[in-house]
Amino acid sequence: MTESKPYKVAIIGGGPAGTACAINLCRLGVKDVLVIESGEYEKFRIGESIPPESRQIFAKLGILDSFLAENHDPCYGSVSYWGDHRRGYNDSIMSPFGHGWHLDRTRFNRFLANEASKAGVEVLIQTKYQYTRQLEDGHFLLTIKNSEGRKTVNAEIVVDASGSKAVFAQEMGSKKIHSQPLICLAARFKAKDGQSPQMQLTHLEAVEYGWWYTAKLPDNSMLVTLYSTKEIIQSEKLNSPDQWLEYLKNTPHTYDLVQSMEIVDNPPKGFPAPSYCLDKCAGKNWLAIGDAASAYDPITSRGITKSLLNAEVSANIVAKRLNNIIPDCQEVHNHIKLSYDRYLEERQYYYGLEKRWKDSIFWQELQIENFQIPLT
Ligand SMILES: Cc1cc2nc3c(=O)[nH]c(=O)nc-3n(C[C@H](O)[C@H](O)[C@H](O)COP(=O)(O)OP(=O)(O)OC[C@H]3O[C@@H](n4cnc5c(N)ncnc54)[C@H](O)[C@@H]3O)c2cc1C
């Protein structure tokens, strides 16, 4: 097996967390940074809303102007039927940062990878991380595979940014502590005349068995997503396309948005929407960030910004560790755990606002304070 040149830092996963961490490291003067990404930035990725505060994060990363030049769709806030049958607004006109965005996720991920390359990072695409061996000097020997075959990469520090797979952290023995995981069933709708929908807001509607989310996507379709628990989806047979559509028809405000359109994805596609945090997010010379370390309920629309913030904090810690200023990367664990605890409080607040269905299993479960299910 061929061995590559040695790297200071190998980052597994080229999503928002991995590429932003790489850019931050370059800004801090760290050389020889490698990003290993199994995909090729072409496939559809779910998760597109980012809040106005993202602007600040892009500015700190030094990529605000180039991000703005990408012209992603603005999102001016949200309309919700949550806790009340009356419409509520959360308008970004009230935000000092301006509006948020509905991203073209594939293009956004590719943009971040390009920015990392421009900053001097080596980004390997269509290359899968497989497993690791720790050497006597504490470095890691990673085995990676692409169309040319297998090779090994020697790295002083490894950053696991592989998303929910958490490939490296789980190999290091970390376990996920889950907290009320959800499942979503999503389908796109398109106007019959091909016209673009005018909606530039996120639309939320709570129902007895979960909640519906609707947003315009960059391909001019409307994404309609139902969030609920696995048990409710099974018991209500919501994974049957006809049943999903029937329930949508009985969700008046959401159905209003798409009733004149035709469904594109039939059957709707299912995605896990978990909430978890690793019991151990860092070791002496490795750390996990982004969804590899913790995942947030999409109700917060903060998954991407959380990953970008993790990337900023972790790059500072990696730079200190490389200079032997600190003995390990434990500070990353503390940061992620603290942010996760705050997130649980925030989620508790959101779900606590809905009091209309006292007997609903969904709302009862989601309103249990900081309920956590055992390690998996
Ligand atoms: C249904 C749903 C809706 C969501 N909606 C929103 C939203 O509206 N707004 C928001 O901010 N967040 C949303 N999120 C969350 C958001 O998508 C994630 O938090 C975000 O993508 C995390 O970024 P990441 O870089 O940590 O991980 P990812 O984006 O998952 O990136 C991980 C990368 O690692 C790569 N990888 C994995 N394994 C390997 C391997 N072995 N070798 C090499 N590469 C590997 C993957 O190809 C991937 O590119 C949503 C999530 C879900 C599930």
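**Notebook: a pocket, a small sheet, a helix pair and a hairpin**

I began with the second largest pocket and found that strand 7 gives the largest share of its lining, four residues. A note to myself before going on: this is a predicted model.

**Entry 1: the pocket**

I looked up the volume of the second largest pocket, and it comes to about 820 Å³. I then asked which residues lie nearest the centre of this pocket. They are Ser78, Asn90, Leu204, Ile299 and Tyr350, out of 31 residues in the lining. Next I checked which elements supply at least two lining residues each. My list reads strand 4 (49–50), strand 6 (77–81), strand 7 (88–91), strand 15 (202–207), strand 16 (210–216) and helix 10 (330–352). Sorted by class, the lining has 15 nonpolar, twelve polar and four charged residues.

**Entry 2: the three-stranded sheet**

Helix 10 came up again when I turned to a small sheet, as this helix lies across strand 13, strand 20 and strand 22. Against strand 20, helix 10 runs at about 165°. I wrote down the strand order of this open sheet as 13-20-22, with antiparallel pairing. Which strands sit at the edges? Strand 13 (176–178) and strand 22 (294–295) do, each pairing on one side only. I followed the pairing of strand 13 with strand 20 (residues 276–278) and found three bridges, in the antiparallel sense. If you want to find this pairing on screen, start at Lys176, whose bridge partner in strand 20 is Leu278. A reminder for us both: strands of a sheet pair through backbone hydrogen bonds.

**Entry 3: two helices crossing**

I moved on to helix 1 (residues 16–27) and helix 9 (residues 303–322). Their axes come within 8 Å and cross at roughly 35°, and the crossing is right-handed. On the helix 1 side, I noted Pro16, Ala17, Ala20, Cys21, Asn24 and Leu25 in the contact. The helix 9 residues they meet include Ile304, Leu308, Ala311, Glu312 and Val318. What classes of residue make up this contact? I found eleven nonpolar, three polar and one charged.

**Entry 4: a hairpin**

My last stop was strand 10 (residues 128–134) and strand 11 (residues 140–146), which run antiparallel and are joined by six bridges. To locate one of these bridges, I looked for Tyr129, which has Ile144 as its partner in strand 11. The two strands form a hairpin, with five residues between them. In the turn I picked out Gly138, which has a positive phi of about 90°.

Key:
Residues are numbered from 1 along each chain as its sequence is written. This is a predicted model: local features need pLDDT of at least 70, side-chain atom pairs count only at pLDDT 80 or more; totals for chains, interfaces and linings use all residues. Side-chain values use heavy atoms; hydrogens and water are left out. On a 1 Å grid over the protein atoms alone, a cavity is a set of points where a 1.4 Å probe fits but cannot get out, and a pocket is an open set with protein on both sides within 12 Å along at least five of seven lines; lining residues have an atom within 4 Å of a point. Grid points are joined across faces, edges and corners, and a volume is the space filled by probe spheres set on the points. Ala, Val, Leu, Ile, Met, Phe, Trp, Tyr, Cys and Pro count as nonpolar, Asp, Glu, Lys and Arg as charged, and the others, Gly among them, as polar. Two strands pair if DSSP finds at least two bridges between them. Contact means heavy atoms within 4.5 Å. Axes are lines fitted to C-alpha atoms, for helices over the stretch in contact, and angles run from 0 to 180 degrees between N-to-C directions. A crossing is left-handed if the near helix is turned anticlockwise from the far one by less than a right angle, and right-handed if clockwise.
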